[in-house]
Amino acid sequence: MSDTKKERYFIAENLSDVHAATEPVKLKYCSGGKWLESKTDKYMPCYNPSTGEVIAMAPQCTADEVEATIQAAADAYPAWSETPVSKRVQVLFKMKTLLDQHLEELTYLLAKEQGKKWAEAMGDVLKVAEVVEFACGAPHLMKGESLMNVSTGYDTVLYHHPIGVFAGIAPWNFPAMIPQGWMTPICIATGNCMVLKAASFVPQSSMRFMELWQEAGIPDGVINLITAGRNEAEILLRHPDIQGVSFVGSTSVGKHIYTTAAANGKRVQALCEAKNHALVLRDCKMERTAMGIMNAFCGCAGERCMALPVIVVENAIADEMVSLIKKHALEMNLGKAYEKSTGMGPLVNEGHRQYVLDWIETGVKEGAELVMDGRNPQVPEGCEDGFYVGPTIFDHVTEEMSVGREEIFGPVLCIKRVEDFEEGLSLMNASRFANGSVIYTQNGYYAREFAKRTDGGMVGINVGIPVPLGIFGFTGHKQSFFGDLHVMGKDGFTFFTESKCVTNTWFSETEESFSGKVDTWDGTITSMPTDDD
């Protein structure tokens, strides 16, 4: 590993200079274990969304720099893939210790650059630790299978091998969990190398994680970190040294990545948009359900693919449920993401804030009833230039309204009314997305029917955000996912490895038992009739 004590991801003498800086910090990228200043003349502003201030400038790495970074990963692969798995995971054990030690620091950094409130930002970091712990089980999870005497005198062993260099293309909504949890730990534990493209809006969390990976002892080039524009990122989809691509982002980009990378012979997992629905039955626990819905559509300011932007409520309780949700929404306090008293933080930047505001205007124009308008929320002093949208609630949303069908990615709740379970389930399954799906009920029969018949890949029964732990896969379907193997869980290990079957037989020292011929199948068909049959 390079001596990184004096190398940092920012262009400044030390961390105190960064905190004291009045000008935005100019960031570097990490290639082959070295923090380098890009030769680009294009930099992307990174904001503190709580205040609207520009806090950093992220380089849009050049095509040559992307190519060189891929080469650095390819150069590191032979030695890393030959490193015994029990030794590889020692880096992950050390990383877990470092995550525990730096939890508060990482939480603050993430909250400041992305806008998640304190507890949400801490959860973002803790989700990394969760998958790192799981990936530490690689010596067991990479084990293959074997069977002696599969045919007379023949044995077969199946091995799981690393493949090479992977690319991770991360979104801006979870700067820690997705690039550092879903993409990196299993990739490197299985003996591969990673070229990670962090989201240019929020790169500093991944950059700090990169420093911690280096401190944990990761060899140079095993993990590499860049920020780049779309044209330069396209190199990752076509480069012959990239064996697979893990992507999280919009459906339109996900489709492009899936078709382009797959056409170039690469494995792809592309996790895309969602419009999760919850079916709320008349027998639900009203107060607890309302609070769960409130958390699910306002948590992370709605900027998550497992948010709950639509509820499908039985008419018998709809008015009461709307009233309860509105009551809790009115109690929501907005503020700086890194202040622990804040109930909901800002959106990531002004461009996305305007995108959400446009969707609210669309809902009004389409005829949905605006029960609560979050377009001009009250914010504390010092937050006037931040990117805030308050909780917004639409009632009487119909299937003809795009506001109830398309992903908004903000704290906007659409309420659809139905007569019963069957109508609600049918409406939900008509969506082109199938990430999460929720039911609120005390009825075991309906809960079981829902779990069996919903199209959603991650199902919550009285759980508004049914995100599985890292030991399970993140199992979206339909246009929420393109690929065959999901992130995390057993799928994650399968995605980052290839299988190899070895069949062997050993000849005796004498040829007395040799019949003088070898059949077409070389003895591997056990049911082949003999001349005596």
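Begin by selecting Ile439 in this predicted model, and look across to strand 20, where Ile461 stands opposite Ile439. If you then follow the chain onward from strand 19, you pass through helix 15 (residues 444–453) before arriving at strand 20, and this β-α-β crossover is right-handed. Strand 19 and strand 20 (residues 458–461) run parallel and are joined by four bridges.

Next, select strand 13 (residues 277–280), which also runs parallel to strand 19 and is joined to it by four bridges. Within this pairing, Leu279 has Ile439 of strand 19 as its bridge partner.

Now keep strand 19 (residues 436–440) itself in view: five of its five residues are buried, so the strand is largely enclosed by the rest of the structure. In a regular strand the side chains alternate between the two faces of the sheet. Here both faces are covered, with Gly436, Val438 and Tyr440 buried on one side, and Ser437 and Ile439 buried on the other.

Move on to helix 5 (residues 118–135), whose 18 residues should span 26 Å at 1.5 Å a residue, and whose end C-alpha atoms are indeed 26 Å apart, which agrees. Because 13 of the 18 residues of helix 5 are buried, this helix is largely enclosed by the rest of the structure.

Finally, select helix 9 (residues 230–238) together with helix 10 (residues 251–263), and turn the view until you can follow both axes, which come within 9 Å and cross at roughly 40°. Helix 9 and helix 10 are therefore oblique to each other, and their crossing is right-handed.

Note on methods:
Residues are numbered from 1 along each chain as its sequence is written. This is a predicted model: local features need pLDDT of at least 70, side-chain atom pairs count only at pLDDT 80 or more; totals for chains, interfaces and linings use all residues. Side-chain values use heavy atoms; hydrogens and water are left out. Helices (H or I, at least four residues) and strands (E, at least two) are DSSP runs, numbered from the N terminus. The expected span of a helix is 1.5 Å times one less than its number of residues. Buried means under 20% relative accessible area, exposed over 50%, partly exposed in between (1.4 Å probe, protein chains only). Two strands pair if DSSP finds at least two bridges between them. A crossover is right-handed if, with the strands pointing away from the viewer, the path from the first strand over the helix to the second runs clockwise. Axes are lines fitted to C-alpha atoms, for helices over the stretch in contact, and angles run from 0 to 180 degrees between N-to-C directions. Angles under 35 degrees count as roughly parallel, over 145 as roughly antiparallel, 65 to 115 as roughly perpendicular and the rest as oblique. A crossing is left-handed if the near helix is turned anticlockwise from the far one by less than a right angle, and right-handed if clockwise.
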